[in-house]
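Here is my note on the two-chain structure you asked about, set out as numbered points. Please read it with the sequence and the coordinates open beside you.

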Amino acid sequence: MARLLLVLFCGIALAQEDPALEKRVRDLSSELRCLVCQNQTLADSSAPLAVDLRNQVREQLKSGKSERDVVDFLVARYGDFVLYRPPLKASTVLLWAGPFILLAFGLFLLFLRIKRKVRAPELSDAERARAAKLLE
Amino acid sequence: MRVAWVLGAFVALLVLLAVGLRLDPREVPSPLIGKPAPAFELPLLSAPDKTFSQKDMLGRVWVLNVWASWCAPCLVEHPQITRLSAAAVPVVGLNYKDERKDAIPWLTRNGNPFVASVFDGAGRIALDYGVYGVPETYVIDRQGVIRYKRIGPVTPEILKEKIEPLLRELNG
């Protein structure tokens, strides 16, 4: 029991060592993808590799490196894939611009339809006469 | 007219899905292809007092195989790695997050295809190689540049269609 308490205490002490650093580690890890379970962030995953990478992030931030440096370190090894927010470059233009292109296309179609609808009900004099007769 | 539109949209969607479903999102493109193999100086698995470095392989075309005794797919690809080594391709093993007491008997049991196995108990060097799923296999050329990377077990098809032709090309 005493042992368990000691372990618990050490765990708490460790976590509280530097809350500011821990927050930075958490913030950065939640921007990064865990490569083992690819739909989880590095912050959420408990895969051994995610633990290693989180420790790496912590170690590097602690040694005075910036968030940018750590991200570059990981991208150099694992590629843009580790980023949940892919960078804007030639190969990802479609990814970023795609939704807006689709939106513009949709608006264009909508515009065409409305224009056609507005133009449609032009009646000739004969038709008007018939309509008036029917409405009497 | 309307039918043509709907049909067109349907075919476009079909093409999109056909392409999309064929892509494997697990296949992470490695940024390391065409880059120099990350440097390491690690103790040998068999002799902790001796070290081995990627520099020792300069001037030779070689294969780096990341493996571990706890890794089941490593056993699956073992015949392929053994076949490489039987064809006189120098294969270096990177023993990943393993224990010597497990790794050495694994080699005795299953055969040792490696010219050398280095011991990366903490997995720190594997991190430099962008390892995320053991086994992983790299083909490295004479200048020490990574030319190919396989994540996951090397299947007989991959060996025949990708790795062996590349080795022939690099050695030719």
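1. A definition is needed before the strands are discussed: two strands are said to pair if DSSP finds at least two bridges between them. With that in mind, Asn95(B) stands opposite Phe119(B), which lies in β5(B). The two strands concerned, β4 (residues 91–96) of chain B and β5(B), run parallel and are joined by five bridges.

2. Everything in this note concerns a predicted model, and the confidence should be kept in view while reading it. Chain A averages a pLDDT of 82, and 86% of the residues score at least 70. Within chain A, the lowest confidence falls in helix α1 (residues 2–15), with a mean of 52, whereas α4(A) has the highest, at 91. I would ask that any remark about α1 of chain A be read with that mean of 52 in mind.

3. What is the order of the strands in the open sheet of chain B? Five strands form this sheet, in the order β5-β4-β3-β6-β7, and their pairing is mixed. The edges are β5 (116–120) and β7 (146–151) of chain B, each of which pairs on one side only. From one strand to the next, the twist averages 20 degrees.

4. At one edge of the sheet, strand β6 (residues 136–140) of chain B pairs with β7(B) in the antiparallel sense, over five bridges. Within this pairing, Thr137(B) has Arg150(B) of β7(B) as its bridge partner. At the other edge is β5(B), and is this strand mostly covered or mostly open? β5(B) is mostly covered, since four of its five residues are buried.

5. Taken as a whole, chain B has five helices and seven strands, and from the N terminus on its elements run α-β-β-β-α-β-α-β-α-β-β-α. The radius of gyration of chain B is 20 Å, well over the 16 Å that the globule rule gives for 172 residues, and chain B is therefore more spread out than a compact globule. The C-alpha trace of chain B spans about 80 × 35 × 30 Å along its principal axes. Of the 172 residues in chain B, 35% are buried. When contacts in chain B between residues at least 6 apart in sequence are considered, 72% of them join residues at least 24 apart.

6. Chain A is built from helices, six in number, with zero strands, and along the sequence it reads α-α-α-α-α-α. Buried residues account for 15% of the 136 residues of chain A. Among the contacts in chain A with a separation of 6 or more, 38% are between residues 24 or more positions apart.

7. Where do the two chains meet? Twelve residues of chain A are in contact with twelve residues of chain B. On the side of chain A that touches chain B, the elements giving two or more residues are α3 (48–62) and α4 (67–78) of chain A. The most comes from α4(A), with four residues. By type, the residues on this side of chain A divide into seven nonpolar, three polar and two charged.

8. Two arginines are worth inspecting individually, beginning with Arg58(A), which is placed in helix α3 of chain A. Is Arg58(A) buried or exposed? Arg58(A) is partly exposed, because it has 19 other C-beta atoms within 10 Å, where a buried residue would need 20 or more. Leaving aside residues up to four places away in sequence, Arg58(A) touches Leu21(A) and Val25(A). Arg58(A) and Leu21(A) are 37 residues apart in sequence, yet their C-alpha atoms are 7.4 Å apart in space.

9. The second is Arg142(B), found in the loop between β6 and β7 of chain B. Arg142(B) has 13 C-beta neighbours inside 10 Å and so counts as partly exposed, the limit for an exposed residue being 12 or fewer. Not counting residues up to four places away in sequence, Arg142(B) touches Gly59(B), Arg60(B) and Val61(B). By contrast, Arg142(B) and Ser30(B), which are 112 residues apart along the chain, have their C-alpha atoms separated by 20 Å.

Conventions
Residues are numbered from 1 along each chain as its sequence is written. Chains are lettered from A and ligands numbered from 1 in the order in which they are written. This is a predicted model: local features need pLDDT of at least 70, side-chain atom pairs count only at pLDDT 80 or more; totals for chains, interfaces and linings use all residues. Two residues are in contact if their C-beta atoms, placed from the backbone, lie within 7 Å. Ala, Val, Leu, Ile, Met, Phe, Trp, Tyr, Cys and Pro count as nonpolar, Asp, Glu, Lys and Arg as charged, and the others, Gly among them, as polar. pLDDT is the predictor's confidence in each residue, from 0 to 100. The radius of gyration is taken over C-alpha atoms; the globule rule is 2.2 Å times the number of residues to the power 0.38. Axes are lines fitted to C-alpha atoms, for helices over the stretch in contact, and angles run from 0 to 180 degrees between N-to-C directions.
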